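I opened this entry to look up how the strands pair, what sits in the core, and which backbone angles deserve a second look. Notes follow in the order in which I checked things.

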Amino acid sequence: MKIDFQKIVRSRNLFWQIPILVIISAPLWWGAAAGFLTIETLQHAQGSASQPKSSFSMLQVKLSQAENGKEEIRLDASRLYSENDQEILFLEEPETQLVGDPKNPVSIKGGSAVYETNKQIITLLEDVELLSSDTLVTTSVLRYMTKYKKVKSAADVELNSDGMRITGTSFFYDLVNGDFRVGKRVMCNLW
């Protein structure tokens, strides 16, 4: 068997010559390819941009939620608005009254809030205060799960009541049975 080294060298040269030829000829075909790709991209972008976006804004809002004809929540806000997704509502200066138990009304207020309508969760932010008949809870963020009537926070929290001050780094409060937990690095002062 005879090996033709010249044929091997020629085929190897051809293997390297094709990529070099493509790179050298790029100025001739690059504009057409780029124009084709740009047109497709712009048409796709225009198609998605033409879909309507829905948002709204309201001032001095008063909302209420009732279950079985019994009012449970009253929510006041200086402004309520949405941005492209009406499942998430933003509130400015919210104040929430939980009126389920007339013997122990609970008020929650903060600087702003986000209401996730599909999950039924109100997240209050910025200097949040929860006030019940004899207890004041302050924290930077607090979530109220309206469906379960529970309040929780994973931020530093301070609870003040008659003759008692408790601080911790998390908080849970069940509005139905009145149970609460303060967790992690808890300090309690009694007088």
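**Entry 1: the first pairings.** I started with strand β1, residues 57-67, which pairs with β2 in the antiparallel sense over 10 bridges. For a reference point in that ladder I noted Val61, which stands opposite Ala77 in β2. The two strands form a hairpin with two residues between them, and Asn68 there takes a positive phi near 55°.

I then followed β2 to its other partners. It pairs with strand β4, residues 95-98, in the antiparallel sense over four bridges. In that pairing, Arg74 has Gln97 of β4 as its bridge partner. β2 also pairs with β3, again antiparallel, over three bridges. There I looked up Leu80 and found Leu91 in β3 as its bridge partner.

**Entry 2: how far to trust the model.** This is a predicted model, and I checked confidence before going on. The protein chain averages a pLDDT of 77, and 75% of the residues score at least 70. Over residues 39-44 pLDDT stays under 50, and the model has zero contacts there beyond four places in sequence. Where pLDDT is low, the predicted coordinates should not be read in detail. I left residues 39-44, with their pLDDT under 50, out of the notes below.

**Entry 3: the whole chain.** I counted one helix and 14 strands in the protein chain. Of the 191 residues, 28% are buried. The accessible surface comes to about 13,400 Å², and carbon and sulfur atoms account for 58% of it. For contacts between residues at least 6 apart in sequence, I noted that 30% join residues at least 24 apart.

**Entry 4: the core.** Which residues have the most contacts inside the largest nonpolar core? That core has 26 residues, and the ones with the most contacts inside it are Leu91, Ile108, Ile122, Leu130, Leu142, Val151 and Phe171. The elements that give two or more residues to this core are β2 (70-81), β3 (88-92), β5 (106-109), β6 (112-116), β7 (121-131), β8, β10 and β12 (170-174). Leu91, the bridge partner of Leu80 in Entry 1, is thus also on the list for the core.

I took Ile122 as a sample. Leaving aside residues up to four places away in sequence, Ile122 touches Leu75, Ala113, Val114, Tyr115, Leu142, Arg143, Tyr144 and Thr146. Leu142 is among the residues with the most contacts inside the core.

**Entry 5: strand β10.** I looked up both neighbours of β10, residues 157-161. Strand β8, residues 135-145, is joined to β10 by five bridges and runs antiparallel to it. On the other pairing, β10 meets strand β11, residues 164-168, in the antiparallel sense over five bridges. Val157 takes part in both ladders: Thr139 has Val157 as its bridge partner, and the partner of Val157 in β11 is Gly168. β10 and β11 form a hairpin with two residues between them, and Gly163 in the turn has a positive phi of about 75°.

Which residues of β10 are on the covered face, and which on the uncovered one? Val157, Leu159 and Ser161 are on the covered face, while Glu158 and Asn160 are on the uncovered one. In a regular strand the side chains alternate between the two faces of the sheet.

**Entry 6: Glu158.** I went through the surroundings of Glu158, which lies in β10. Its relative accessible area is 25%, so Glu158 counts as partly exposed. Beyond residues up to four places away in sequence, Glu158 touches Leu136, Val137, Thr138, Arg165, Ile166 and Thr167. The side chains of Glu158 and Arg165 make a polar contact at 3.3 Å. I also noted Cys188, which is 30 residues from Glu158 in sequence and 9.9 Å from it in space, C-alpha to C-alpha.

**Entry 7: positive phi outside glycine.** Gln120 has a phi near 55°, a positive value in a residue other than glycine. I located Gln120 in the loop between β6 and β7. At a relative accessible area of 28%, Gln120 is partly exposed.

Lys149 is not a glycine either, and has a positive phi of about 55°. I found Lys149 in the loop between β8 and β9 (150-153). Its relative accessibility is 21%, so Lys149 counts as partly exposed.

Terms used
Residues numbered from 1 in each chain as written. Predicted model: local features only at pLDDT ≥ 70, side-chain atom pairs only at ≥ 80, totals over all residues. Heavy atoms only, no water. pLDDT = per-residue confidence, 0-100. Contact = heavy atoms within 4.5 Å. Buried < 20%, exposed > 50% of the residue type's maximum accessible area, 1.4 Å probe, protein only. Pairing = 2+ DSSP bridges. Core = buried A, V, L, I, M, F, W, Y, C linked by side-chain atoms within 4.5 Å. Areas by Shrake-Rupley, 256 points an atom, 1.4 Å probe, with all protein chains shown as cover. Polar contact = N/O pair within 3.5 Å; in protein donor to acceptor, adjacent residues only side chain to side chain.
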